[in-house]
Amino acid sequence: LPENEERFLDTPGEALLKHIEMDLNPVKSYKLVVLKILLDLPGTAWEVEKIAREFRDYFIAHPENLYDYEEMARAVDPGVFPLSRIAAKLKSMPLNFLSNTEKDPFILDRGIGLFRLKEEFLPFWNDAAFRELLRERVEFTLLRYFQRHRRTSDRKRDL
């Protein structure tokens with residue numbers, strides 16, 4: 001391992017990196033898009049409404065990926081797709097699945113609409129070198145997801 005990764009061995013940071021690399025198994029891009037958003041936002045606790053706004057902005061900025069969020073893709077004007085619908089979708093899908101087990105790194109507080117990082121991951125999340133490793137994994141996995149999904153869609157279309 002490179003020296004910058006070695007210092008995270010046997011820590012919650014290593015567990016988080018492994019979780020991103022091996023455990024997400026995305027059926028949709030939502031979890032990865034959310035993680036990408038969180039890495040660009042300050043802090044370690046985020047309002048679901050803010051994540052929803054950034055989520056919509058991601059798909060507007062990447063129209064080639066909009067097909068993956070079918071409801072928004074079918075909207076007459078995706079740019080004004082209701083944030084309330086996006087927030088509801090995020091709570092039921094990616095945020096729930098990033099926070100529903102003991103080993104998951106996040107906690108979703110539906111009552112106050114807050115998504116936050118668990119305590120044991122805070123020192124790692126706040127470490128710039130660690131965040132860069134995490135960002136690389138998220139971006140690679142997101143890119144791989146869309147490459148695979150496009151190939152599958154192209155094959156289905158050709159049949």
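Read from the N terminus, the elements of the protein chain follow the order α-α-α-β-α-α-α-α-β-β-α-α. The secondary structure of this predicted model thus comprises 9 helices and 3 strands.

The overall dimensions come next. Along the principal axes, the C-alpha atoms of the protein chain occupy a box of roughly 50 × 40 × 25 Å. The radius of gyration of the protein chain is 16 Å, which agrees with the value near 15 Å that a compact globule of 159 residues would have. Of these 159 residues, 43% count as buried. Contacts across the sequence add to this picture: among those between residues at least 6 apart in sequence, 60% join residues at least 24 apart.

Turning to the surface, the protein chain exposes about 8900 Å², and 53% of this area is supplied by carbon and sulfur atoms. Charged side chains number 26 positive and 28 negative in the protein chain, with the centres of the two sets lying 6 Å apart.

At the level of a single residue, Ala73 offers a convenient close-up. Ala73 belongs to helix H5, which spans residues 70–74. Ala73 counts as partly exposed because its relative accessibility of 34% falls between the 20% limit for buried residues and the 50% limit for exposed ones. Leaving aside residues up to four places away in sequence, Ala73 touches Leu66 and Tyr67. Phe121 lies 48 residues from Ala73 along the chain, and the C-alpha atoms of the two residues are separated by 35 Å.

Technical notes
Residues are numbered from 1 along each chain as its sequence is written. This is a predicted model: local features need pLDDT of at least 70, side-chain atom pairs count only at pLDDT 80 or more; totals for chains, interfaces and linings use all residues. Side-chain values use heavy atoms; hydrogens and water are left out. Helices (H or I, at least four residues) and strands (E, at least two) are DSSP runs, numbered from the N terminus. Buried means under 20% relative accessible area, exposed over 50%, partly exposed in between (1.4 Å probe, protein chains only). Contact means heavy atoms within 4.5 Å. The radius of gyration is taken over C-alpha atoms; the globule rule is 2.2 Å times the number of residues to the power 0.38. Accessible areas come from the Shrake-Rupley method with a 1.4 Å probe; for residues, only the protein chains shown count as cover. Lys and Arg count as positive and Asp and Glu as negative; His and the chain ends are not counted. The place of a charge is taken as NZ of Lys, CZ of Arg, CG of Asp or CD of Glu.
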